[in-house]
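Student: I would like to go through the reasons behind some labels given to this model. Please show it first.

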Amino acid sequence: MLKVLFGGSPACAAKALELILKDSAMSNSVPEEEYKIVGVLTNPPSAQGRHKELIPTEVEQYAIIWNRARNDNLAVFTPEHIKQPEREQIASLEPDIFVCFAYGHILGPKFFSLFKFGGINLHPSLLPKYRGATPVNAAILNCDDETGFSIQKMALGMDEGDILYQQKERLTGTETAEQVLKNSALYGGMNITQILRKIAKTGKLPASFPQEGKASYCSIIKKEDGKINWNNSAEKIDAQIRAYTPWPGCFTTSGNLQLKILKARAASKVAAQDSSVVKNTSAVPGTVLEYNKQRGILIQTGNGVLIAKELQWQAKKAMDYKSFMNGARNFIGTVLE
């Protein structure tokens, strides 16, 4: 039986873990393909909320749910750093392979020496494009026509390993980062289960191929990246909002209050359906132009109009644009900054 250590932290990784755990529970029906997740490696709990309560990662939360529901003894490791004591704890499980999706740590040769088959990683881009931590966000920000995911052999260089499997996904210009990551978790997780079954059956990794093409890299996202610059085009701000959903979210200021724009569309994208939302105006970028009951709140940008559809005042709940306007007196004509 193939023993697997899974590494990951956010919600998308928890979804992939769920798929792999459920398949592993069924793999014993085909003994020669049997594999088992023996442990989970994830980030330590982080302080969240007003009271800075320590909250486990989504991966740890799902592992706890799995153990309770299945009466399983799935080990959970949450180290800040992986040093010799942590490696010894992991080694005690005798894992054969490490499966990783969005763990977020650089791992060294001592770690990989613990595994007979090394590690495989699910990366949500068409490698070598967008190596790094934020490939989905980069694809949306750059208004790419397609993205996808790669399952690669893990290497010491960042996302430089050979490819075991790659799948493309068309982008329509309406997706959020959250939606694309869910797709990567779903379809990538399904393909990982097939790879693990093959390794269990054959005793070796499937054939792989080197990455081809010019490598590009994406940077770490910071909270301040969500600040909207109204001098940008409506299309660019539209992409920014989708790329930063759910985190860090996009925001502006109205007076002394922060205002989040949670959902929006560039007017040019709906012009074929309703030409009335496309305005020829010399208004200052950031000016709230109009409330269109059928479409949303029209805001001037540096090039074109943005239609805001869901908004949230600082310390208030999120609202659709109609509910928002019910309590937003004198909002039309406001210049957002």
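Tutor: The model is a predicted one, and the turns below take a few of its labels in order.

Student: Why is histidine 123 called buried?

Tutor: Its relative accessible area is 4%. Buried means under 20%, so histidine 123 qualifies. Histidine 123 lies in strand E7 (residues 119–123). Leaving aside neighbours within four places in sequence, its contacts include Tyr130, Arg131, Phe149 and Asp159.

Student: Why does alanine 91 count as partly exposed?

Tutor: Alanine 91, in helix H3 (residues 84–91), has a relative accessibility of 33%. The cut-offs are under 20% for buried and over 50% for exposed; 33% falls in between, so alanine 91 is partly exposed.

Student: What makes helix H7 largely enclosed by the rest of the structure?

Tutor: Eight of the ten residues of H7 (residues 234–243) are buried, so the label follows. Among the buried ones are Ile237, Asp238 and Arg242. The buried residues pack against helix H5 (135–141), helix H6 (177–202), strand E11 (257–266) and strand E14 (305–313).

Student: How do you know which strands stand at the edges of the seven-stranded open sheet?

Tutor: The order is E5-E2-E1-E6-E7-E8-E9, with mixed pairing. Strand E5 (75–77) and strand E9 (163–170) each have a single partner strand, so one side of each lacks a neighbour in the sheet. The twist averages 20° from one strand to the next.

Student: What makes E8 and E9 a pair?

Tutor: Pairing needs at least two bridges. Strand E8 (residues 146–153) and E9 have seven, in the antiparallel sense. In one of them, isoleucine 151 is partnered by tyrosine 165 in E9.

Note on methods: Residues numbered from 1 in each chain as written. Predicted model: local features only at pLDDT ≥ 70, side-chain atom pairs only at ≥ 80, totals over all residues. Heavy atoms only, no water. Buried < 20%, exposed > 50% of the residue type's maximum accessible area, 1.4 Å probe, protein only. Helix = DSSP H or I, 4+ residues; strand = E, 2+ residues; numbered from the N terminus. Contact = heavy atoms within 4.5 Å. Axes fitted to C-alpha atoms, helices over the stretch in contact; angles between N-to-C directions.
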